[in-house]
Amino acid sequence: MTEPGSLAWVAALSRDYTWVEGVPFLSTTTGDLGALRDGFVVRDGDIVTVSYPKSGTTWILEIVHLVHTRGDPRWVQSVVSWERSPWLEKATGVGGINRQADPRFYTSHLPLHLFPTSLFTSKAKCVYVMRNPRDILVSGYHFWKTIKIAKYTESFEVYFEKFLQGEVPFGSWFDHVGGWLQMRGKENFLFISYEELHQDIRASVEQISRFLGTELNPEEVDSVLQHVTFQAMKENKMSNFSLLPDFLMDHSKGCLMRKGIAGDWRNHFTVAQTEAFDRVYREKMAGLPRGLFPWD
Ligand code: A3P
């Protein structure tokens, strides 16, 4: 097996998805997700951020890390986000996680059924971030264009269809959210949405800090808030993906910190697409109670 990160490994990266139990993964994902699910040991002190891509993961990470440092920005300004909180499923992920002292921070886009099962008997704290899937679709369309190993990004129409079919990196949004929401009500899980962050960022930061057991005083909260604005994060090269290597990201085609608003889908969807999306949404979400999501 080639060493993750080596020249041979980089050369072998491709736009082809690796399908695992019905879910398409990018070629940077570890080769054996089954071994990860069965073998990775989640520790009680771990702090895990889980999301479907483009839900506001990076925003939550910045908040979680600044809460941990009680508003001191030095960590988020000197260490790239994927080293502060490695991606569990990336080929290099477990190595990075195991190099951390406790508490360990890591991030994942894995659907529930592929996540290491030890999470479900541990006391690890897990923050699951959600966002209006219409905005996720738009954000993903623009973002995956910049990622050299993603596909179906040529036209919005094609990407729109592929998203509804779940043929985009990490699969179906509906399955991802539906799977993880089974954990709601468990005390070591916090479900929070991108829209809630927008509506009341102070209350959201306070909620996250209480959940993590790191209650902050008002000055510390002020400092967190100062460093998690869209503008502050857009300028923080440790968080804005500008340091993602050129073999993965074409920085001339776009950036992670694109618009940072809720509701941009209205500028992209046609009337027919809005109706088609709503039809699929109603059908797929039929089993969930009403009022779960701020965008409904
Ligand atoms: P847009 O593409 O709609 O701008 P993820 O981190 O899961 O990949 O999500 C990226 C999305 O979150 C992008 O959305 C990005 O702009 C948005 N985002 C990141 N930090 C943000 C912040 N501080 N405020 C608002 N939006 C933010």
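**Briefing: the ligand and its surroundings**

The ligand occupies the space of the largest pocket. A pocket here is an open set of points on a 1 Å grid over the protein atoms alone, with protein on both sides within 12 Å along at least five of seven lines; a molecule sits in a pocket if more than half of its atoms lie within 2 Å of its grid points. This is a predicted model, in which local features need pLDDT of at least 70, side-chain atom pairs count only at pLDDT 80 or more, and totals for chains, interfaces and linings use all residues. Residues are numbered from 1 along each chain as its sequence is written, and side-chain values use heavy atoms, with hydrogens and water left out.

**Shell around the ligand**

- The ligand is surrounded by 19 residues (each with a heavy atom within 4 Å of it).
- Thr57, Thr58, Ser139, Lys259 and Gly260 are the closest of these.
- By class, the shell holds 8 polar, 7 nonpolar and 4 charged residues; Asp, Glu, Lys and Arg count as charged, Ala, Val, Leu, Ile, Met, Phe, Trp, Tyr, Cys and Pro as nonpolar, and the others, Gly among them, as polar.
- Two or more shell residues come from each of helix H3 (57–68), helix H10 (194–199) and helix H13 (230–235). Helices (H or I, at least four residues) and strands (E, at least two) are DSSP runs, numbered from the N terminus.
- The most residues come from H3, which gives 3.

**Backbone contacts and burial**

- An oxygen atom of the ligand lies 2.7 Å from a backbone N or O atom of Lys259.
- For Gly56, a backbone N or O atom is 3.0 Å from an oxygen atom of the ligand.
- Val228 has a polar backbone atom 3.0 Å from a nitrogen atom of the ligand.
- The protein buries 97% of the 570 Å² that the ligand exposes when taken alone (areas by the Shrake-Rupley method with a 1.4 Å probe).

**Domain record**

- An unreviewed UniProt entry lists residues 45–288 as "domain: Sulfotransferase"; such annotations may be inferred rather than shown by experiment.
- Over residues 45–288, the chain is 44% helix and 8% strand, and the end C-alpha atoms are 31 Å apart.

**Backbone details**

- Asp102 and Pro103 are joined by a cis peptide bond, with omega about -5°.
- Pro103 lies in the loop between helix H6 (93–98) and strand S4 (105–108).
- Lys54 is not a glycine, yet has a positive phi of about 80°.
- The loop that holds Lys54 runs between strand S3 (47–51) and H3.

How values were computed:
Polar contact = N/O pair within 3.5 Å; in protein donor to acceptor, adjacent residues only side chain to side chain. 1 Å grid on protein atoms, 1.4 Å probe; cavity = no way out; pocket = protein on both sides within 12 Å on 5 of 7 lines; lining within 4 Å.
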